[in-house]
Amino acid sequence: MSEHNYVGNDFEVPDGRAKVTGEAKYADDYQFDNLLHAKTVKSPYAHARARSIDTSAAEAMSGVEAVITHEDVPDAAIGEPVLAEEPLTFGYPVAAVAATDEYTAAAAVEAIEVDWEVLDHVVDPIETLKPGSPNARPEGNVPTGEAGGEGAEGQGGAEAAADTIKWENADFSGDFPEDPGDFTMEWNWGDVSEGFENAETIYEDTVKAQPQPTNPMEPRSTVAEWGTDGHVTIWGSSQSISLTHTGVAGMIEKPPTEVTFICNFAGGGFGSKGTAYPQMAVPAFLSREVNRPVKIRGTRREEFHWGNGRATYIARTRVGLDGDGNITAMEIDAVGDAGAYSADALSTLSSGFNSLTQCWQPETLRFRGIGVFTNTPKRWPQRGPGQNQAALAIAQVIDEAAKQAGLDPLDVCLQNSPENRGPAGAERLPMTSAYLGEAYELAAEAIDYEEKRARSGTREGSKVYGVGIASASHQSGYIGFDGLVVVHTDGTVEVRQGAGNLGTESFAAVARMVADTMGADWDDVEVSWGSSDKSSFTLGQFSSNTTFTEGLANVKAAETAVQYLKELAAQELGGTADAYNVENHEVVHGQSGESISFAEAAQAAVDAGGKYTAEEIPEQYQESLVPLTIAAASDAVGQGLVAFGKSTGEDLDGFVTSFAGAIAEVSVDLETGKVVVEEMANYNDSGTVIHPESFKAQVEGGAIQGIGYTLFEQYRHDQDTGIPVNTDLYKSKPPSIHDYVSGDLHVGAVGEPDPFGPFGAKGVGEPPYGAASGAVAAAIKDALGTSFSEFPVTPDKVLEKVRAGEVDS
Amino acid sequence: MSTTDVPDESEPGGSDDSGGPSRRDIIKGTIGGTLVAANAYLFNNIRQTSAQGDGTPGVRERFSNQLKLTVNGRERFVRVEDQERLAETLRSKLGLTGTKFGCDRAMCGACTVQIEGDPIYSCTYFTKDAVGKEVTTVEGLSEGGQLHPIQESFIEELGGQCAFCTPGMIMSAKSLLEENGDPTREEVKDALEGNLCRCGNYENEIESVLTAAERM
Ligand code: FES
Ligand code: FES
């Protein structure tokens with residue numbers, strides 16, 4: 001049992017009932033009287049320009065109410081335009097229609113004539129570096145701005161700038177080009193050549209971590225209503241509220257105060273719905289024409305075409321180990337590809353590099369990277385964007401280096417796991433806490449590592465067993481955001497948080513922390529979520545950060561509320577504020593036991609006014625709070641106790657980093673090529689666990705997706721035409737209920753509190769994915785005695801190795 | 001593709017399936033159904049002359065191009081296109097949006113409903129084929145506000161993360177438990193294999209079904 005009333009204990013989640021009755025409203029579930037249905041005209045080429053678009057036949061059709069083209073929407077820099085004159089990918093839209101029903105809209109799309117000028121395309125990231133190869137974008141083939149930080153995941157943080165770089169003198173015959181030309185990013189810790197001199201074992205390998213479509217279960221649908229008064233209301237599917245609200249406002253060129261964003265439920269996002277996306281603006285611009293609500297119902301195909309995904313990460317990794325298994329040197333040359341519409345190939349690389357420093361702490365390193373553009377859909381960000389590709393790409397390398405050094409891979413993992421405040425990133429700044437070693441040990445115990453190691457390489461009929469270990473990490477907490485707590489005169493405590501509701505229940509976990517901080521009764525705590533009108537401004541719900549970031553800001557708001565409650569009690573009952581405590585939804589005098597209820601205190605706040613009800617905004621918040629947070633309190637001003645919170649630089653010293661360590665046992669059938677994950681342990685350093693059930697769900701879900709990445713999922717484009725060839729779920733392909741672990745999936749937490757986290761919490765969502773991917777890759781390699789450079793490891797790839805005689809027998 | 005200028009028409013009652021239209025439903029009746037709802041009594045006599053269980057069209061079908069469906073135990077009249085799929089009808093004409101479109105083409109199971117007790121993908125099932133058959137959706141599970149044991153266990157075991165797959169999962173689970181009240185873990189997996197959960201929440205979904213089985 002937890003030492004707290006709520007933190008650390010399970011509870012019935014506030015949105016549970018709606019989820020099982022069908023009452024939960026996702027974007028496509030909202031219905032309207034005079035609704036129009038939108039569909040888009042898409043490019044049938046990987047790269048082409050619309051010379052002209054004839055919409056006259058469509059406009060003449062009965063039931064067609066609005067038609068717009070790229071000329072009716074703002075230009076976008078390197079990000080995705082709402083509609084494109086020169087679509088850089090197959091399936092990207094150039095025009096859109098709104099009609100009284102979907103059938104008419106579809107017919108109108110067919111009636112629009114586009115005169116296409118077909119342009120050269122390139123879909124392979126290495127190809128685009130070859131001399132003479134086409135550039136995917138008119139501005140060049142490589143992004144050259146700054147990478148976005150991990151906190152910018154939802155926004156697509158990289159700065160938009162492009163250049164042309166070809167590797168003129170490289171030899172392109174191998175897995176990774178020899179004698180590459182310029183890179184656009186380079187990190188160094190110490191002198192890597194010295195590091196290799198100190199190594200006894202040096203091993204090098206190239207791995208291509210493949211692209212993958214995100215495929216959340218709910219395709220992205222949006223309804224937009226542009227009122228005659230100019231106010232726009234958008235019902236969308238997003239992981240976040242605050243950042244999506246401001247993001248979509250920017251996209252449609254409106255101040256956020258003239259836009260309301262509503263999303264009570266999102267059917268998954270995994271990064272791809274971190275903030276606003278162009279599909280949200282299509283119905284908005286159509287609605288501007290007619291001032292009627294317009295819905296675009298996303299389809300599964302469209303998820304492939306403009307639903308984001310995981311960027312390609314191709315890395316040649318070289319590690320040096322000394323006799324004790326210390327990594328004395330790590331050298332990586334990498335190419336990242338986030339498609340045509342994102343400069344975040346660079347963010348993919350920097351996030352991957354960052355995670356490698358966190359997990360492996362090499363004594364010296366040189367990481368070089370170059371991002372490229374290809375005529376493939378934007379792929380950034382998806383659950384552990386960069387970190388999880390890096391985790392997959394390094395797992396086999398560590399396994400093999402350990403074996404060549406005569407060491408057990410688990411010992412090498414333990415040997416190199418970070419010190420608690422160990423350094424991370426290009427700048428070698430300290431982490432706030434790190435317990436990866438403990439996570440590995442717990443995983444080893446749960447899966448009985450010794451027994452699995454003993455079975456490694458043994459045969460059972462046509463099956464051979466292997467065991468693998470891997471880790472992943474994610475920066476998972478940020479400061480500088482707002483919290484807002486209201487105590488109503490009926491005593492209800494309301495947490496007005498600005499994250500979204502994407503299914504992780506972290507919005508509820510934030511409220512649990514507030515309840516404990518305030519000594520409130522959970523039954524009288526309300527979480528408001530889903531509408532920008534009542535959202536304190538926070539970072540988006542991505543980067544595994546909500547529990548930390550929003551927890552911290554709202555715990556601070558709760559602390560403000562507690563201070564106000566005590567002051568009000570002192571005014572009502574006498575004595576000093578310090579003499580009072582909050583417990584059981586009351587403010588109680590420590591000595592006399594006299595008390596007032598939260599309801600009475602809220603009434604006292606209303607009577608007192610001023611700072612207590614936000615009629616005056618306390619000075620410390622006047623500058624620091626985002627105006628949208630103050631606006632989110634507006635209906636409560638003067639009506640109840642209103643308390644703000646702001647997390648600042650004083651609250652944090654270091655990178656908040658969450659870790660996962662995973663061990664997997666696999667069997668590989670040498671006759672069928674099928675890989676089965678027999679058992680997995682996935683343990684996480686997430687700080688204090690706030691809600692054990694949802695922690696478990698996050699780790700299991702992450703592990704299952706990670707297994708899917710290594711074994712099944714991919715996004716393939718035909719080289720000649722640039723057209724995607726596997727845009728169906730059964731081809732792409734997310735794991736089904738029969739596809740993940742045949743035996744036990746053990747998950748758990750280290751549980752050591754982070755010194756800066758609210759209640760000691762960090763985050764959880766992303767690392768279990770990368771650790772699972774890497775562990776399965778390492779286990780397959782362990783079973784077969786040979787590495788894979790291409791993923792996923794589908795049966796055909798296994799059989800190819802068997803036929804080529806590469807497999808230990 | 002053909003189309004008509006006639007807006008979608010809904011039956012009286014909006015999205016509530018628990019009985020006759022309540023005042024709230026009529027106010028909520030945002031699917032062009034308000035007028036119909038207010039005049040519902042006019043159709044009462046026609047209802048009796050409507051389609052028989054064998055699907056033979058009755059007076060109402062022949063004169064108004066409306067089909068009679070039996071959804072969650074209630075008769076619903078609805079005008080449909082020839083090519084219209086059941087999921088479309090349920091969602092946009094009957095207001096039953098618990099049934100989801102995850103893929104539109106029989107690849108995910110988010111649209112699973114029961115027809116005569118069997119789980120089917122309503123995204124690829126013609127509405128016309130449902131005439132004369134009992135259709136059950138997730139909205140039809142609770143009785144008088146009392147949740148079905150499967151719904152209760154899905155809440156307790158956190159059976160839904162994003163929960164977009166959850167209504168379909170629940171319908172597949174219901175079909176299983178109606179046939180086999182005491183399934184093994186493997187049997188639960190087999191029953192849910194046509195329901196994709198992108199959140200990877202399978203362990204909780206299996207647990208939810210096993211817990212419900214114990215209670216039913
Ligand atoms: S929507 Fe019917 S199976 Fe996916
Ligand atoms: S809970 Fe999200 S798809 Fe199943």
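Helix 10 (residues 409-416) and helix 11 (residues 436-447) of chain A pack at an angle of about 155 degrees, with their axes 8 Å apart; helices here are DSSP runs of H or I with at least four residues, strands are E runs of at least two, and both are numbered from the N terminus. The axes are lines fitted to C-alpha atoms, for helices over the stretch in contact, and the angles run from 0 to 180 degrees between N-to-C directions. The angle makes helix 10 of chain A roughly antiparallel to helix 11 of chain A, since angles over 145 degrees count as roughly antiparallel, under 35 as roughly parallel, 65 to 115 as roughly perpendicular and the rest as oblique. In this packing A:Leu410, A:Cys413 and A:Leu414 of helix 10 meet A:Gly437, A:Tyr440, A:Glu441 and A:Ala444 of helix 11, where contact means heavy atoms within 4.5 Å. By class, the contact of these two helices has five nonpolar, one polar and one charged residues; Ala, Val, Leu, Ile, Met, Phe, Trp, Tyr, Cys and Pro count as nonpolar, Asp, Glu, Lys and Arg as charged, and the others, Gly among them, as polar.

This is a predicted model, in which local features need pLDDT of at least 70 and side-chain atom pairs count only at pLDDT 80 or more, while totals for chains, interfaces and linings use all residues. Residues are numbered from 1 along each chain as its sequence is written, chains are lettered from A and ligands numbered from 1 in the order in which they are written, and side-chain values use heavy atoms, with hydrogens and water left out.

A second helix pair in chain A consists of helix 14 (residues 546-573) and helix 15 (residues 598-608), whose axes come within 9 Å and cross at roughly 85 degrees. That angle makes helix 14 of chain A roughly perpendicular to helix 15 of chain A. From helix 14, A:Leu565, A:Leu568, A:Gln571 and A:Glu572 meet A:Phe598, A:Ala601, A:Ala604, A:Ala605 and A:Ala608 of helix 15, and the residues of this contact divide into seven nonpolar, one polar and one charged.

Between the chains, 62 residues of chain B are in contact with 60 residues of chain A. Together the two chains bury about 4900 Å², 54% of it on carbon and sulfur atoms; buried area is the accessible area (1.4 Å probe) that two parts lose on being put together, summed over both. B:Leu158, B:Gln161 and B:Arg198 supply 17% of the area that chain B buries against chain A, more than any other three residues. Across this interface the rule finds five salt bridges, each a side-chain nitrogen of Lys or Arg within 4 Å of a carboxyl oxygen of Asp or Glu.

The whole structure has 57 salt bridges over all chains, including the two tabulated here.

| Salt bridge | N to O distance |
|---|---|
| A:Arg297 and B:Asp104 | 3.1 Å |
| A:Asp337 and A:Arg379 | 3.2 Å |

The pair of A:Asp337 and A:Arg379 links distant parts of the chain, 42 residues apart, with A:Asp337 in strand 17 (residues 327-337) and A:Arg379 in the loop between strand 18 (365-372) and helix 9 (387-404) of chain A. The loop between strand 18 and helix 9 of chain A also holds A:Pro381, which a cis peptide bond joins to A:Trp380, with omega about -10 degrees. A cis peptide bond likewise joins A:Phe791 and A:Pro792, with omega about 5 degrees, and A:Pro792 is found in the loop between helix 20 (767-784) and helix 21 (795-803) of chain A.
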